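Please open the model in your viewer and keep the selection tool at hand. The stops below say what to select next and what is there.

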Amino acid sequence: RGLASTFVPMQKAFVIQYVSGSVSGSFCTDDVAIASLRLRGFAFAAVNDTRGLESIYRGASFDGILGLGFKGIAQGDATPV
């Protein structure tokens, strides 16, 4: 799949540790739409290493996960949805 013309990679890496393992990648911005909610230049974490959660991801059928959370536990000063 190609990247959207509005996709902007950032030079800021992250690692998120879950009970079941960890994931890592880098932050980026893009225009995001969820139903009628439109967010321009929304910053989010793009996971590119799921080896820490391999047993969960193996055989899974999805493109990604939208994490909903509280600002106090957000990584990299990101604003949660």
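Contact here means heavy atoms within 4.5 Å. This is a predicted model, in which local features need pLDDT of at least 70 and side-chain atom pairs count only at pLDDT 80 or more, while totals for chains, interfaces and linings use all residues. Residues are numbered from 1 along each chain as its sequence is written, and side-chain values use heavy atoms, with hydrogens and water left out.

Begin by selecting phenylalanine 27, which, leaving aside residues up to four places away in sequence, touches ten listed partners, among them Pro9, Phe14, Phe44 and Ala78.

Next, select Phe14, Ile16, Val23, Phe27, Leu53 and Ala78, the six residues of the largest nonpolar core; such a core is a set of buried Ala, Val, Leu, Ile, Met, Phe, Trp, Tyr and Cys residues joined through side-chain atoms within 4.5 Å. Buried means under 20% relative accessible area, exposed over 50%, and partly exposed in between, with a 1.4 Å probe and protein chains only. Strand S1 (8-18) and strand S2 (21-34) each give two or more residues to this core; strands are DSSP runs (E, at least two residues) numbered from the N terminus.

Now show S1 and S2 together: they run antiparallel, joined by eight bridges, and valine 8 stands opposite threonine 29 in S2.

Finally, select aspartate 31 and arginine 40, whose closest N and O atoms are 3.5 Å apart in a salt bridge, that is, a side-chain nitrogen of Lys or Arg within 4 Å of a carboxyl oxygen of Asp or Glu. Aspartate 31 is partly exposed at 33% relative accessibility, whereas arginine 40 is exposed at 74%.

Methods
Helix = DSSP H or I, 4+ residues; strand = E, 2+ residues; numbered from the N terminus. Pairing = 2+ DSSP bridges.
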